[in-house]
Amino acid sequence: MNKVKSYTDQQLLDRVRSLKSFNAIPQGIWILGVRSSEDTPDTFDDKFYIFDHDQFVEVISGTTNPGGNILKGGFLRFNKFGAFVLKSDECYYDCWKYIWRSSRGHELRQVRPMKGFRDGNLNGKSEEIGEMITGLFGINFHTNTFKWYNNIVKSIIGSWSAGCQVTNRRDHFLSLMNVFKNKKSSGEQPFVTYILLKEF
């Protein structure tokens with residue numbers, strides 16, 4: 001299911017420091033996505049590394065790409081130009097804020113502009129192609145089920161991502177969201193930074 005190769009903490013942090021948009025290693029808890037270069041279509045084959053400043057906490061499987069049916073035309077429900085593919089090798093400082101939605105539960109919601117592309121060629125492959133765009137596109141971080149009891153680890157993305165960053169590990173997700181919930185409530189950390197890398 002997960003094709004991204006393994007890295008040491010230092011390799012990941014050194015790669016982050018090499019990015020043009022890098023300013024500093026974020027304070028507090030932040031998320032580092034690594035997008036698989038193999039990119040098996042419609043599969044949770046990426047990784048999310050969780051860091052507390054420069055200390056590794058855990059790694060969670062997921063996707064940084066839209067699902068297959070979104071790429072093959074499902075994007076028309078949201079945007080006529082194509083599925084949103086978030087730009088990789090980019091730092092998105094304080095881009096997310098923890099929220100609770102009665103219909104969906106925990107989520108990190110986009111609150112700062114992010115960069116990406118509209119992939120509308122209908123080939124089912126997630127690609128960073130065409131003109132880069134920047135803005136608020138609803139690129140959130142969530143899990144692949146809204147059923148409170150469901151801890152099944154699924155392998156197919158389907159409609160769970162139309163550009164959002166999505167984990168298929170609900171158990172890990174809930175634990176992480178409780179951390180962000182408490183940090184937001186205490187005022188210790190109101191925002192969450194996300195950095196997305198291509199596999200290297």
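Student: How much space lies in the largest pocket?
Tutor: This is a predicted model, in which local features need pLDDT of at least 70, side-chain atom pairs count only at pLDDT 80 or more, and totals for chains, interfaces and linings use all residues. Residues are numbered from 1 along each chain as its sequence is written, and side-chain values use heavy atoms, with hydrogens and water left out. A pocket is an open set of points on a 1 Å grid over the protein atoms alone, with protein on both sides within 12 Å along at least five of seven lines; points are joined across faces, edges and corners, and a volume is the space filled by probe spheres set on them. For the largest pocket, this space is about 310 Å³.

Student: Which class supplies 11 residues of the lining of the largest pocket?
Tutor: Lining residues have an atom within 4 Å of a point, and this pocket has 22 of them, with F78, G138, A162, G163 and C164 nearest its centre. Ala, Val, Leu, Ile, Met, Phe, Trp, Tyr, Cys and Pro count as nonpolar, Asp, Glu, Lys and Arg as charged, and the others, Gly among them, as polar. Eight of the lining residues are polar and three are charged. The class with 11 residues is nonpolar.

Student: How many charged residues are in the lining of the second largest pocket?
Tutor: The second largest pocket holds about 160 Å³ of space. Its lining includes R35, D39, K125, E127, E128, K198 and E199. By class, one lining residue is nonpolar and four are polar, while the number of charged ones is seven.

Student: How much space lies in the largest cavity?
Tutor: A cavity is a set of grid points where a 1.4 Å probe fits but cannot get out. The whole structure has two cavities of 30 Å³ or more. Thirteen residues line the largest cavity, with D39, T40, P41, D42 and P66 nearest its centre. The space in this cavity is about 50 Å³.

Student: How many residues are in the largest nonpolar core?
Tutor: Such a core is a set of buried Ala, Val, Leu, Ile, Met, Phe, Trp, Tyr and Cys residues joined through side-chain atoms within 4.5 Å. Those with the most contacts inside the largest core are I31, W96, L108, F141, L176, F180 and Y194. At least two core residues come from each of β1 (29-35), β2 (46-52), β4 (83-86), β5 (90-101), α3 (170-186) and β11 (192-198). The size of this core is 22 residues.

Student: Which residues of the 170s does F141 touch, not counting those up to four places away in sequence?
Tutor: Contact means heavy atoms within 4.5 Å. Outside the 170s, F141 touches I31, F48, W96, E107, L108, Q165 and T167. In the 170s, F141 touches F173, L176 and M177.

Student: How many residues of β11 are buried?
Tutor: Strands are DSSP runs of E of at least two residues, helices are runs of H or I of at least four, and both are numbered from the N terminus. Buried means under 20% relative accessible area, exposed over 50%, and partly exposed in between (1.4 Å probe, protein chains only). β11 is mostly covered, for of its seven residues the buried ones number six.

Student: Which residue of β11 does W96 stand opposite?
Tutor: Two strands pair if DSSP finds at least two bridges between them. β1 and β11 run parallel and are joined by five bridges, and there V34 has L197 as its partner. β5 and β11 are antiparallel, over four bridges. In β11, W96 stands opposite V192.

Student: What is the phi of L122?
Tutor: Most residues other than glycine have a negative phi. H53, in the loop between β2 and β3 (55-63), has a positive phi near 55°. L122 lies in the loop between β7 (114-119) and β8 (133-135). L122 is not a glycine either, and its phi is positive, at about 65°.

Student: Is K20 buried or exposed?
Tutor: K20 is in the loop between α1 (9-17) and β1. Its C-alpha is 8.5 Å from that of D89, 69 residues away in sequence. Because its relative accessible area is 89%, K20 counts as exposed.

Student: How far apart in space are K154 and G120, C-alpha to C-alpha?
Tutor: K154 is in the loop between β9 (141-143) and β10 (165-167). K154 is partly exposed, with a relative accessible area of 30%. K154 and G120 are 34 residues apart in sequence, and their separation in space is 26 Å.
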